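Please open the model in your viewer and keep the sequence panel beside it. The tour below proceeds by selections, one group of elements at a time.

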Amino acid sequence: MRPIRVVHVPTKHLYVEHLSGLDPTDAPGFASLEDVSPAGFAPGPWSPPATLDPAWISDNASRFDLMHVHFGFESFSLPHLIACCDALDAAGRPLVYTVHDLENPQLIDQTHHEQQLDVLMARATEITTLTASAAREITSRWGRRVTVIKHPHLLTGSATEPESIPEPGATPIAVIGMHLGDLRPGTDPLLFTSNLIDAIRSVRREGFLVEAEIHIRPEVRDEPARRAVEELCRRADGVRLLEHARSSDSDLSGSVAALDACVLPYRHGTHSGWIELCFDLAVPVLAPVGGHWLDQHHEPGAVTAFDPGSVESLAAAITATITDRAGEDRYSLRMRRRRQRQQQGRVIARTHLDVYRSALDRAAAVTR
């Protein structure tokens, strides 16, 4: 018996690439088709997926058993998305949809995204998401049964080797990092920069040796906001602004691993890849209340919540994190989490296989 043939949208995304570790007793398992990139785009997770197209679906239905959508539909119109679902139905190929984003962090106006969600929630044979709280919201809003599957590990490449990961604490000064990237709409750079500066000032007044480093890209989506962030940092003590291009995965892992904690500057969103990376690196995360990212990891110290509108709340979260700094053994924590992730990986892959089998069984029942 051959494996279940899955078209992942997209295939070149770490979530999909890490659906590994399938227990051999679950053979034949499932296999992903190679990504198909449209003309003019390099293969990758953020190019428009050529497979999410009604003509491609109709022409290639014999090559796959089901389609699993993660990302990539945001650039398409509602009629196009509906036509894709119609093509899958006509070919007898079920749709599985993993809800990563109930709110799209790339957008301010969520109207189109919510309309797309309405289509996918209605047309998907099986729906999965990353957290129990997101599943409850989906059931409440759309009445759908949801399978919760945790996000697989994110740490990859040479950065997974313990000797390549730096330890914080080489100096007595604790470093709190915040990555603003290219100032995508899901972040609030001015609020979080201002609050982090004030929180660092407050914590330093209490006698703690702490400073912040704020990372930003040279090219951003909001140039006035970047200039305002630069001015705030220029006038602040104990805060460094680091402007640099997008880092490689290895360089990013090394930079983040050296931090004592990482602040997430989220205005809105649902789940966070940053939390997954920091968990792999054993870096505490300070996350604003909101979305469903606080439900991703419940291990004590992994994620500390704060009120995004309160300097005092952020200062308290920083103080709580750096107070535990002296006794923290990052190496042991990373190794334990790596073993935990390996065990979870087998469960994640087996659960995907169960979802795929269920989708195929339900699709077959419809055609009888």
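What follows is a walk through the chain as a whole, then its sheets, and then some of its helices.

**Before you start**

This is a predicted model, in which local features need pLDDT of at least 70 and side-chain atom pairs count only at pLDDT 80 or more, while totals for chains, interfaces and linings use all residues. Residues are numbered from 1 along each chain as its sequence is written, and side-chain values use heavy atoms, with hydrogens and water left out.

**The whole chain**

Begin with a cartoon view of the protein chain, which has 11 helices and 12 strands; these are DSSP runs numbered from the N terminus, with helices being H or I of at least four residues and strands being E of at least two. Of the 368 residues in the chain, 51% are buried, where buried means under 20% relative accessible area, with a 1.4 Å probe and protein chains only. Among contacts between residues at least 6 apart in sequence, 74% join residues at least 24 apart, a contact being heavy atoms within 4.5 Å.

**The sheet that holds β1**

Select β1 to β6 next. These six strands form an open sheet with parallel pairing, in the order β2-β1-β3-β4-β5-β6; two strands pair if DSSP finds at least two bridges between them. β2 (30-32) and β6 (147-148) stand at the edges with a single partner strand each, so one side of each has no neighbour in the sheet.

Now narrow the selection to β1 (4-9). Five of its six residues are buried, so β1 is largely enclosed by the rest of the structure. Three bridges pair β1 with β2 in the parallel sense, and four bridges join β1 to β3, again running parallel. Val 6 is a useful residue to label: its bridge partner in β2 is Ser 32, and in β3 Val 6 stands opposite Leu 66.

Moving along the sheet, select β4 (residues 95-99) and β5 (residues 126-129), which run parallel and are joined by four bridges. Here Thr 98 stands opposite Thr 128 in β5. Helix α4 (residues 111-123) packs on the sheet and touches β4 and β5, its direction making about 130 degrees with that of β4; angles of this kind run from 0 to 180 degrees between N-to-C directions, with axes fitted as lines to C-alpha atoms, for helices over the stretch in contact.

Add helix α11 (residues 330-367), which lies across β1, β2, β3 (66-69), β4, β5 and β6 and runs at about 105 degrees to β1.

**From α4 to α5**

Keep α4 and add helix α5 (residues 132-142): the two pack at an angle of about 85 degrees with their axes 12 Å apart. They are therefore roughly perpendicular to each other, a term for angles of 65 to 115 degrees. To see the contact, show the side chains of Glu 114, Leu 117, Asp 118 and Met 121 in α4, together with Ile 138, Arg 141 and Trp 142 in α5.

**The sheet that holds β7**

Select β7 to β12. Six strands form an open sheet here too, with parallel pairing and the order β9-β8-β7-β10-β11-β12. Its edge strands are β9 (239-243) and β12 (303-306), each pairing on one side only. Neighbouring strands of this sheet are turned by 25 degrees against each other on average, direction ignored.

Within the sheet, β7 (residues 174-179) and β8 (residues 210-216) pair in the parallel sense over six bridges, and Val 175 has Glu 211 in β8 as its bridge partner. Helix α7 (residues 223-234) lies across β8 and β9, running at about 145 degrees to β9. Helix α10 (residues 311-323) also packs on the sheet, touching β7, β8, β10 (261-263), β11 (285-288) and β12.

**Where α6 meets α10**

How do the axes of α6 and α10 cross? The axes of helix α6 (residues 189-205) and α10 come within 8 Å and cross at roughly 55 degrees. Residues meeting there include Leu 196, Ala 199 and Val 203 in α6, and Leu 314, Ile 318 and Ile 322 in α10.

**Last stop: α9**

Finish with helix α9 (residues 273-281), which is mostly covered, with seven of its nine residues buried. Among them are Ile 275, Leu 277 and Phe 279. The buried residues of α9 pack against α8 (249-257), β10, β11, β12 and α11.

Key:
Buried means under 20% relative accessible area, exposed over 50%, partly exposed in between (1.4 Å probe, protein chains only). Angles under 35 degrees count as roughly parallel, over 145 as roughly antiparallel, 65 to 115 as roughly perpendicular and the rest as oblique.
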